[in-house]
Amino acid sequence: MAEMEAFRAAVTAWAAAAAPAGPGVPGVPGGPGDPAGVARELAALLPVRTVVLLEGLSDTAAVDALAARRGRDLAAEGVCVLSMGGAMSVGRFAALLGPSGLGLRLTGLCDEAEHPYYVRGWERAGAAPEGIFVCAADLEDELIRALGPDRVRELVHDEGDHRALRTFLHQPAQQDRTAQQQLRRFLGTKKGRKIHYGRALVEALAPDRVPAPLDDLLAAL
């Protein structure tokens, strides 16, 4: 939905403009010509009811892929799936979008190490401490574990990356790592690869093998 893309772009620009004010500060109110005003107008027009705060585009690809598999159009349901470009930005985005900002319901998916940042972001935004779903290491690790290393290697071959993987696995630094650790590291070695496999791994999952944090997040939307 083009309007939801415009809303995401406006919120991202608004968050960037609010950054100098410090974490937890919604920024200036703004009018119809600036990102804050555009975000408010689009939030009311769509209307948006829930925002899913994710660290990066690979997480967004995975959430969108699972929603598509289950026949859901999140944008049409008023759900905005938003990549923040890093977990450290969660306080700012939560302040802009949650009860202290646009008044939207906040949900999110994060790594275990990032969970405290999300909790503080929710608290500063005046949101109830719920709706945060936690991956043990990260979402890629959860997906690789759900599929198993052998199946992931098959997918890498099918996607045309088998030569790159073979070269990567011959590196000395990989010799003491487990197969799962190697594959997780491989997905982050080329720009755009994590995004591509965020979708591909989800599409390859059996219905009963969806990692709990991702499955629970979608069920809560």
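Contact here means heavy atoms within 4.5 Å. Keep that cut-off in mind for the tour of this predicted model.

**Stop 1: E142.** Select E142, in helix 6. Show what surrounds it. Leaving aside neighbours within four places in sequence, E142 is in contact with C135, A136, P211 and P213. Is E142 buried or exposed? Its relative accessibility is 9%, so E142 counts as buried, the cut-off being under 20%.

**Stop 2: Q174.** Move on to the loop between helix 8 and helix 9, and select Q174. This residue counts as buried because its relative accessibility is 2%. Which residues does Q174 touch, beyond neighbours within four places in sequence? They are F168, L169, Q182 and R185.

**Stop 3: helix 9.** Q182 leads into the next selection, residues 179-187, which form helix 9. Colour Q180, Q182, L183, F186 and L187: these residues of helix 9 are buried. They cover an arc of only 160 degrees around the axis, which puts them on the same side of helix 9. Now add the partners. The buried residues of helix 9 pack against helix 6 (139-147), helix 7 (149-158), helix 8 (162-169) and helix 10 (193-204). Helix 6 is also where you found E142.

**Stop 4: residues 49-111.** Select this stretch next. An unreviewed UniProt entry annotates it as "domain: OLD protein-like TOPRIM". Over residues 49-111 the chain is 33% helix and 27% strand. Pick the two end C-alpha atoms of the stretch: they are 24 Å apart.

**Stop 5: the largest pocket.** Its volume is about 160 Å³. Which lining residues are closest to the centre of the largest pocket? Of the 13 that line it, select R8, D64, D73, L74 and A75. Then show the elements around them. Helix 1 (2-18), helix 3 (57-69) and strand 2 (79-83) each supply at least two residues of the lining.

**Stop 6: confidence.** Colour the protein by pLDDT. The average is 92, and 93% of the residues score at least 70. Among the elements, strand 1 (residues 50-54) has the highest mean, 98. Helix 2 (residues 35-45) has the lowest, 92. Finish at residues 21-30, where pLDDT stays under 50. The model has 19 contacts for this stretch beyond four places in sequence. Where pLDDT is low, the predicted coordinates should not be read in detail.

Notes:
Residues are numbered from 1 along each chain as its sequence is written. This is a predicted model: local features need pLDDT of at least 70, side-chain atom pairs count only at pLDDT 80 or more; totals for chains, interfaces and linings use all residues. Side-chain values use heavy atoms; hydrogens and water are left out. Buried means under 20% relative accessible area, exposed over 50%, partly exposed in between (1.4 Å probe, protein chains only). Helices (H or I, at least four residues) and strands (E, at least two) are DSSP runs, numbered from the N terminus. The arc is that of the directions from the helix axis to the C-beta atoms. UniProt positions are given in the numbering used here, feature names are shortened, and annotations may be inferred rather than shown by experiment. pLDDT is the predictor's confidence in each residue, from 0 to 100. On a 1 Å grid over the protein atoms alone, a cavity is a set of points where a 1.4 Å probe fits but cannot get out, and a pocket is an open set with protein on both sides within 12 Å along at least five of seven lines; lining residues have an atom within 4 Å of a point. Grid points are joined across faces, edges and corners, and a volume is the space filled by probe spheres set on the points.
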